[in-house]
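Good morning, colleagues. Please take a moment to look over the sequence and the structure on the screen before I begin.

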Amino acid sequence: MSPSAISTVVANGTNGQNPKLEFESYYNVINNDLTNTARTRYNINPATTEPNPEVPVSTQEDVNKAVAAARAAFKPWSNTTLEERGEKLVAYADAIEGYKHEFAKLLTAEQGKPLAQSYQEIGMATTWLRAFSTMTIPDETIEDTEERRIVLRYTPLGIVAGLIPWNFPILLAVGKIAPAVITANTLILKPSPFAPYCNLKLAELGTHFFPPGVLQVLSGEEDLGPMFTTHQDIDKIAFTGSIATGKKVMAAAAPTLKRVTLELGGNDPAIICDDVDVEAIIPKLAILSFLCCSQICMMIKRLYIHENIYPRFLSAFTSHTASLKVGPGTDPEVFIGPVQNKMQFDKVRSMYQHISAEKWTPALGGSVPDANPKGKGYFFEPTIIDNPPDDSAIVTDEPFGPILPCLKWKDEDDVIARANEGKWGLGASVWSKDIERAERMARRLEAGSVWVNSHFDVAPGVPFGGHKWSGVGMEWGVLGLKGYCNPQTLWLKKGV
C-alpha cells in the first residue's frame with residue numbers, strides 16, 4: 001500500500017449545472033470536501049488481477065468527522081420540503097446518466113460484470129432515484145371524532161450508515177441514498193473493501209447537488225464497518241451482505257439501540273411444473289441462474305424440476321447454458337464474467353472441489369480452476385449438478401458462484417417442504433401454465449419475494465426483503481421508506 005500525504009481537495013461545486021467528474025483519482029467525501037488519508041490501498045480487476053487505482057483507508061477520526069458533519073447537516077436538511085429533496089434526486093439521477101459510460105467502465109473494472117450488465121445496473125439506479133423523488137409517506141388518520149383526531153406520522157431518524165456490498169455497488173448504494181435523502185435523513189456510505197470505486201464517485205458527484213454533510217462516503221478495510229455499527233451518534237444501519245456479517249452488524253448495533261435493516265443472503269428455489277413450455281423458459285432460467293456470475297442474492301440457486309420433464313429439461317438447460325460465453329466483461333459477447341474477489345474465488349472453488357469429493361454428477365462443467373489465478377482472472381465455467389442429495393452442500397448452502405443443482409420432484413407437498421427447508425427465505429418462484437396451481441404453490445413458499453413464471457423481478461415501489469435468516473425489515477417502496485423514519489402518534493384534542 002502506498003501512503004500519501006493527508007490532504008483535502010475542495011469539490012468544484014457547480015450548483016447542479018454540468019458537474020465535472022474525473023475517474024482517475026479517488027477520495028473520501030466528508031462534508032462535501034474530497035479528502036485523502038495517510039494510508040491508501042488498492043483493489044484488483046477480477047478479470048485480469050491487475051491493480052485498480054489507490055483508494056483511501058479511513059480511520060476512526062475520519063468516521064467521527066463524517067458523523068459530526070452529518071449531525072450538523074441533519075436539522076437544516078430535515079427542514080427542507082419534499083419537493084426540494086425530490087428535485088435534487090432527479091438532478092442527481094440526470095448527472096449519473098450523463099456519466100453512464102464512465103460509470104459502466106469503472107463498474108466492470110472493479111466488479112467484473114459484462115459491460116451490458118453494468119449499463120443495466122446504472123439504468124436501474126437512475127430509475128430508482130427518479131421513482132423515490134416523488135414517493136411519500138402520507139399521514140394516517142387513525143381516529144377523527146368530534147372530540148379528537150389521532151394521526152400517525154413519520155419523522156426522519158437522523159444519521160444513516162449505508163453498508164454496501166460488492167456485487168451491485170451502484171444500484172444498492174442508490175437503493176439506500178434515495179430513501180434516506182427523500183425522508184430527510186443524512187447518509188454516510190461505506191463501500192465494500194472489495195468494490196469502493198463506484199461508491200466513491202457517486203458521493204463525489206453528489207457534492208454538486210446535496211448540501212455538505214447530507215451524502216458522504218468513507219472507504220476502508222475490514223475494520224471500518226465496526227466503527228459505524230458501534231458509533232454512539234449513528235441512528236440506523238442499512239446493511240446488504242451475508243448472513244454471517246449481518247448477525248455481527250445486529251449484535252454490534254444492539255448496545256446503542258440503532259435501527260437496522262438487513263438484506264442478507266438467499267438460497268432461492270425455483271419450482272418447475274410439468275406443464276411448462278421447456279424451450280420457451282430455458283433461456284429465461286439460464287439468465288436468472290447465471291447473471292452476474294450468479295453473484296446476486298436473489299438468483300435462482302436451486303432448480304426443482306418435475307420428474308416427468310426432467311431428462312428433456314436437463315438436456316435443454318445444459319445445452320443452452322453451455323452456449324453462454326465466459327470471459328472478461330469488456331468482451332461484448334461475454335455473459336458470465338469473473339467472480340469478484342479472491343476470497344469469494346476460494347469459497348466457490350471449494351464448492352467445485354466437492355464435486356469429486358462428494359461424487360456429485362455434473363451435467364455440465366465441473367472443472368476446478370487453478371488455486372492461484374494471478375494473471376488469469378477469477379473465472380469458473382458454469383456448472384450444473386444432476387440431482388444431488390438434498391443434504392449436499394450445493395443444495396443447503398449459497399455458493400454465490402456459477403454452480404447450480406437441478407433436482408427432481410413429483411409430489412407438490414414434498415417439493416414445497418424441500419423448497420422451504422433451511423434458514424433461507426429471500427426469494428422463490430413457481431413456473432407453470434396453470435396460474436391457479438402456481439399461485440396456490442407460491443403462497444406456501446416461505447420467502448420475502450415470490451414470483452410466478454419469473455424470478456428476480458424488482459421495482460423501486462415494491463418492498464424487498466427476506467424471511468427467516470435472509471433479512472430484517474424491508475427496503476424500497478413506502479414500507480421501505482418507513483424503515484428510515486420514526487413513527488409518531490399525534491393526539492389532537494378538539495374544543496379545549
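I shall speak about a buried strand and its neighbours, then a second group of strands, and then the aromatic rings.

A word on the source: this is a predicted model, in which local features need pLDDT of at least 70 and side-chain atom pairs count only at pLDDT 80 or more, while totals for chains, interfaces and linings use all residues. Residues are numbered from 1 along each chain as its sequence is written, and side-chain values use heavy atoms, with hydrogens and water left out.

Let me begin with strand S8, residues 159-163. Helices (H or I, at least four residues) and strands (E, at least two) are DSSP runs, numbered from the N terminus. Why is S8 largely enclosed by the rest of the structure? Five of its five residues are buried, so the surroundings largely enclose the strand. Buried here means under 20% relative accessible area, against over 50% for exposed and partly exposed in between, with a 1.4 Å probe and protein chains only. Ile159, Ala161 and Leu163 point one way from S8, whereas Val160 and Gly162 point the other way.

Which strands pair with S8 in the parallel sense? Strand S9 (residues 186-190) does so over five bridges, and strand S11 (residues 236-240) over four; pairing requires that DSSP finds at least two bridges between two strands. Val160 has Leu187 of S9 as its bridge partner, and Gly162 has Ala238 of S11. S8, helix H5 (residues 169-182) and S9 also make a right-handed β-α-β unit; right-handed means that, with the strands pointing away from the viewer, the path from the first strand over the helix to the second runs clockwise.

I turn to the second group. Strand S15 (residues 362-364) runs antiparallel to strand S16 (residues 383-386), joined by two bridges, with Pro362 opposite Ile385. S16 in turn pairs with strand S17 (residues 403-409) in the parallel sense over four bridges, and Thr383 has Ile403 as its partner there.

Finally, the rings. Rings of Phe, Tyr and Trp (its six-membered ring) pair if their centres lie within 6.5 Å; planes under 30 degrees apart count as stacked, over 60 as edge-to-face and the rest as tilted. The count comes to 14 aromatic pairs. In one of them, Phe345 and Tyr378 have ring centres 5.4 Å apart and planes at 40°, so this pair is tilted. Phe345 lies in helix H11 (residues 342-357) and Tyr378 in the loop between S15 and S16, 33 residues apart. Both Phe345 and Tyr378 are buried.
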